[in-house]
Number of protein chains: 2
Amino acid sequence: MTAEGSERERESARRRDEATAFVPGHVTGFFSAHPADDPAVAGSRGAGLTLSDGVRVTVESGDRRITLDGEVCEMPPVTRVLDAMDVDAQVRAESDLPVGTGFGVSGAMALGTAIAVNAAFDRDYSENSLITIAHRAEVAAGTGLGDVVAQARGGIPIRLEPGAPAYGELDGIPTTARVEYLSLGSLSTEEVLSGDTDRLSAAGEDALSRLVARPTLSQFMVDARRFAREAGLLTDRVESTIADVTEAGGEASMAMLGETVFALGTGLSNAGYEATACRTHTAGATLE
Amino acid sequence: MTAEGSERERESARRRDEATAFVPGHVTGFFSAHPADDPAVAGSRGAGLTLSDGVRVTVESGDRRITLDGEVCEMPPVTRVLDAMDVDAQVRAESDLPVGTGFGVSGAMALGTAIAVNAAFDRDYSENSLITIAHRAEVAAGTGLGDVVAQARGGIPIRLEPGAPAYGELDGIPTTARVEYLSLGSLSTEEVLSGDTDRLSAAGEDALSRLVARPTLSQFMVDARRFAREAGLLTDRVESTIADVTEAGGEASMAMLGETVFALGTGLSNAGYEATACRTHTAGATLE
């Protein structure tokens, strides 16, 4: 499509009160949980990879109706974003990634909805305000603590301080990589986060200290594997898959929170697995 | 190129101690200058557009030699980055954009050098550290105050607080746009910044207050035009070109600091000018 052609298409979409945002997926390698009464202050420290596979969210004026890959679904963080922005709209999400398996699909849907509503309904919010709305919605719904701020940033985010933009602080690992992933099943983020997170958070804080001292991708992978072990979140299937990748000379760890293995380069396929390949994503969430 | 093919190419470049970074161009619409003794604290408030046209910087081990589009050149911010990172290297920059005309080419070269040196020589800096090194180098060289932090972020950055990551604060306008530009000549950033900047900074602070209250692209263009007028930086040629774009129903302003006009959409070509077209860039500076 030519630049002018796509410009015309965008213009015509605006006239229909419709807009689309793309939000990269995000696998967290390790984290510590930092609850707070105010969901804008609450969040997590940690680090992860944003992915070129992500979620495309289209918002259009009309009765409230949320679909994911064509299926009507309940998605409390999206409902909370629509409430916060005081709008009724149809939200259609198309995801490259499975939901509930540690790719930040709920965070992506919340953030994509906020960005697309702002454009479709001429709402005049700044980026930080939209990120704050989506982060609050995700935290209040209990579906995530750090995906939204990472997905808004792109790259390989290190979450130094928890919370929405006014409170949180981010750095990053200055590189890019091919990433392979394989989902074996889902884990409930709500269940893990509502349980005792002391052990998990202690392991996450240790991992962050090590990564800040040496912010490289290989250090991140070492930290992520150690965190998965120390936090007691490894399932047998995930553990043996990671071991197979290591055996084949690669680097893999577990996506927090899902029964999902991610690997650098061709780690999973070298170990004989049928994995999906993408790259780390250079940009944060953006209007299309 | 396939993902695996480009992966192999990157690997082989690493073995040669070579790396390449892409840094988007950046046109500032308005700004206020905030000098300080520490160049990490100094900087500017303001807002601008990062551009998909930018600078590709390749760093390779060897004697120090800086080239821009094949020509050996003096580039003090790049020299300062090499000094700060204690490295001798060849720096080859290929730019889509003319130097000295308000596109942030010097900032792009400084930041691209920092990112590429880190990768080529396995230096283990974080992204914020690399941005700080490049920002300090640019400020100390007197060639810019806010381009580096904007170019590291991408999008349409609003610089709320001046300075490198530990001090500065950014927000953004959550949209994308086609941009046209036309360079009529150069202005010396060093000359303008070393003169009396009180009037300019007062106009920049007013513009920022208005944009923060309504962070949209059309408000940005209105603020940028008013700033150019109030700061007394308009040249006759720039003023008449902007007037022609307005006459033809478009929106244009002046790039700070260069004798350059930028317009949204097809503003310049609709007014009959032979302009170059690109888009706002969604990502910040990144390793290739």
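These are my notebook entries on a predicted model with chains A and B.

**Entry 1: symmetry**

I superposed the two chains first. Chain A lays on chain B with an RMSD of 0.0 Å. The operation is a turn of 180° with a shift of 0.0 Å along the axis. The two copies are therefore related as by a two-fold rotation axis. I then asked which residue of chain A comes closest to the rotation axis. It is A283(A), with its C-alpha at 2.0 Å.

**Entry 2: the interface**

I looked up the contact between the chains next. In it, 29 residues of chain A meet 29 residues of chain B. The buried area is about 2600 Å². Carbon and sulfur atoms give 46% of that area. Which three residues supply more of the area that chain A buries than any other three? They are D124(A), E127(A) and P174(A), with 22% of what chain A buries against chain B. I also checked which surfaces are used. Of the interface residues of chain A, 100% are also interface residues in chain B, so the copies meet through the same surface.

**Entry 3: α3 and α4 in chain A**

I turned to a helix pair. Helix α3 of chain A covers residues 105-120, and helix α4 of chain A covers residues 127-141. They pack at an angle of about 145°, and their axes are 9 Å apart. The crossing of α3(A) and α4(A) is right-handed. I listed the residues that make the contact. From α3(A) come S106(A), G107(A), A110(A), L111(A), A114(A), I115(A) and N118(A). From α4(A) come L130(A), I131(A), A134(A) and E138(A). By type, the contact of α3(A) with α4(A) has 7 nonpolar, 3 polar and 1 charged residues.

**Entry 4: α3 and α4 in chain B**

I repeated the look-up in chain B. Helix α3 (residues 105-120) and helix α4 (residues 127-141) of chain B pack at about 145°, with axes 9 Å apart. Here α3(B) and α4(B) cross in a right-handed sense. Among the contact residues are A110(B) and L111(B) of α3(B), and I131(B) and A134(B) of α4(B). The contact of α3(B) with α4(B) divides into 7 nonpolar, 3 polar and 1 charged residues.

**Entry 5: D122(A) and D69(A)**

I searched the backbone for unusual angles. Most residues other than glycine have a negative phi. D122(A) is not a glycine, yet has a positive phi of about 50°. D122(A) sits in the loop between α3 and α4 of chain A. Its relative accessibility is 63%; the cut-off for exposed is over 50%, so D122(A) counts as exposed.

D69(A) also drew my attention, with a positive phi of about 50°. This residue lies in the loop between β3 (65-68) and β4 (71-72) of chain A. Is D69(A) exposed or partly exposed? At 41% relative accessibility, D69(A) counts as partly exposed.

**Entry 6: cis peptide bonds**

I went on to the peptide bonds. Most peptide bonds are trans. The bond joining M256(A) and L257(A) is cis, with omega about 5°. L257(A) lies in the loop between β9 (252-254) and β10 (259-264) of chain A. In chain B, the bond from M256(B) to L257(B) is cis, with omega near 10°. L257(B) is in the loop between β9 (252-254) and β10 (259-264) of chain B.

**Entry 7: D223(A)**

I ended with an acidic residue in a helix. D223(A) lies in helix α8 (residues 217-230) of chain A. Is D223(A) buried or exposed? D223(A) has a relative accessible area of 0%, so D223(A) is buried. Leaving aside residues up to four places away in sequence, D223(A) touches F30(A), A207(A), R210(A) and L211(A).

Technical notes
Residues numbered from 1 in each chain as written. Chains lettered and ligands numbered in written order. Predicted model: local features only at pLDDT ≥ 70, side-chain atom pairs only at ≥ 80, totals over all residues. Heavy atoms only, no water. Axes fitted to C-alpha atoms, helices over the stretch in contact; angles between N-to-C directions. Helix = DSSP H or I, 4+ residues; strand = E, 2+ residues; numbered from the N terminus. Left-handed = near helix turned anticlockwise from the far one by under 90°. Contact = heavy atoms within 4.5 Å. Nonpolar A, V, L, I, M, F, W, Y, C, P; charged D, E, K, R; others polar. Least-squares fit on C-alpha atoms with pLDDT ≥ 70 in both. Buried < 20%, exposed > 50% of the residue type's maximum accessible area, 1.4 Å probe, protein only. Buried area = accessible area lost by both parts, 1.4 Å probe.
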